[in-house]
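Hi,

Here is the structure I promised to pass on to you. Please have a look at it first, and then read my notes underneath.

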Amino acid sequence: MNKERNFFLNRLKAVTYAAKGFWILITSENSIIAQVIIAIIMAIIGFVMNISAIEWMFQLLAICIVLVAESLNTAIEKMADFIHPDYHKQIGKIKDISAGAAFFAAIFAVIIGFIIYLPKII
């Protein structure tokens, strides 16, 4: 019984830490704040344009992928800056690659947006 209780308490702690990280991201990281604002705008547009359930699923998937990629990019950049605060060519390359991953996600989201909204606009 004690083992089960510890498991539950550890999971609860993990959720608390995750929620803390979520709050830090949405309140202090400009790239995440910008993406959340874009997500809210796209949700409003989705309601106005009356997109289908499947279109909602793809739009939400695209939004989540961008937010996850931006969050991981932020974490990698913060860790790189912590490990090597001064400019370093390799650290710069690592940070560029990390940002490139977020860029891939953003491109995917824009393509999904075009697929959903272009036929409705035309």
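Below is what I found, going from the helix packing to the salt bridges and then to a few single residues.

One thing to keep in mind is that this is a predicted model.

**How the helices pack**

Let me start at the N-terminal end. Helix α1 covers residues 2–28 and helix α2 covers residues 30–48. Their axes are 6 Å apart and make an angle of about 85 degrees, so α1 and α2 are roughly perpendicular to each other. On the α1 side the contact involves Leu-25, Ile-26, Thr-27 and Ser-28, and these meet Asn-30, Ile-32, Ile-33 and Val-36 of α2. Sorted by class, the residues of this contact are five nonpolar and three polar, with no charged residue.

The next pair looks quite unlike a crossing at right angles. The axes of α2 and α3 come within 10 Å and cross at roughly 175 degrees. An angle over 145 degrees counts as roughly antiparallel, and α2 is therefore roughly antiparallel to α3. From α2, the contact uses Ser-31, Ile-32, Gln-35, Val-36, Ala-39, Met-42, Ala-43, Gly-46 and Phe-47. From α3 come Trp-56, Gln-59, Ile-63, Val-66, Leu-67, Glu-70, Ser-71 and Thr-74. The class count for α2 with α3 is ten nonpolar, six polar and one charged. Ile-32 and Val-36 are worth a click in the viewer: they appear in the contact of α2 with α1 and again in the contact of α2 with α3.

**Salt bridges**

How many salt bridges does a search of the whole structure find? The search gives three.

- Glu-29 and Lys-78 meet through their side chains, at 3.2 Å from N to O. Glu-29 is in the loop between α1 and α2, while Lys-78 belongs to helix α3 (residues 53–83), so this pair ties together parts that are 49 residues apart in sequence.
- Lys-120 and Glu-55 form a salt bridge at 3.4 Å, N to O. Here the link runs between distant parts of the chain, from Lys-120 in helix α4 (residues 89–121) to Glu-55 in helix α3, 65 residues apart. Lys-120 is partly exposed at 34% relative accessibility, whereas Glu-55 is buried at 19%.
- Lys-95 pairs with Asp-81, and the closest N and O atoms are 2.7 Å apart. This pair also links α4, which holds Lys-95, with α3, which holds Asp-81, across 14 residues. Both partners are partly exposed: Lys-95 has a relative accessible area of 22% and Asp-81 one of 35%.

Glu-29 deserves a second look. Is this loop residue buried or exposed? Glu-29 is buried, because its relative accessible area is 16% and the cut-off for buried is under 20%. Leaving aside residues up to four places away in sequence, Glu-29 touches Ile-24, Thr-74 and Lys-78. Of these, Lys-78 is the salt-bridge partner described above, and Thr-74 is also one of the α3 residues in the contact with α2.

**The aromatic pair**

There is one aromatic pair in the structure. Phe-47 and Trp-56 make up this pair, with 4.9 Å from centre to centre and 50 degrees between the planes, which is a tilted arrangement. The two partners differ in accessibility: Phe-47 counts as exposed at 63%, and Trp-56 is buried at 18%. Both residues are also listed in the contact of α2 with α3, Phe-47 on the α2 side and Trp-56 on the α3 side.

**Two more residues to look at**

Which residue other than glycine has a positive phi, near 55 degrees? That is Asn-50, which sits in the loop between α2 and α3. Asn-50 is exposed, at 64% relative accessibility.

Ala-14 is part of helix α1 and is partly exposed, with a relative accessible area of 35%. The C-alpha atoms of Ala-14 and Met-57 are separated by 27 Å, and the two residues are 43 places apart along the chain.

Happy browsing, and write back with any questions.

Best wishes

How values were computed. Residues are numbered from 1 along each chain as its sequence is written. This is a predicted model: local features need pLDDT of at least 70, side-chain atom pairs count only at pLDDT 80 or more; totals for chains, interfaces and linings use all residues. Side-chain values use heavy atoms; hydrogens and water are left out. Axes are lines fitted to C-alpha atoms, for helices over the stretch in contact, and angles run from 0 to 180 degrees between N-to-C directions. Helices (H or I, at least four residues) and strands (E, at least two) are DSSP runs, numbered from the N terminus. Angles under 35 degrees count as roughly parallel, over 145 as roughly antiparallel, 65 to 115 as roughly perpendicular and the rest as oblique. Contact means heavy atoms within 4.5 Å. Ala, Val, Leu, Ile, Met, Phe, Trp, Tyr, Cys and Pro count as nonpolar, Asp, Glu, Lys and Arg as charged, and the others, Gly among them, as polar. A salt bridge is a side-chain nitrogen of Lys or Arg within 4 Å of a carboxyl oxygen of Asp or Glu. Buried means under 20% relative accessible area, exposed over 50%, partly exposed in between (1.4 Å probe, protein chains only). Rings of Phe, Tyr and Trp (its six-membered ring) pair if their centres lie within 6.5 Å; planes under 30 degrees apart count as stacked, over 60 as edge-to-face and the rest as tilted.
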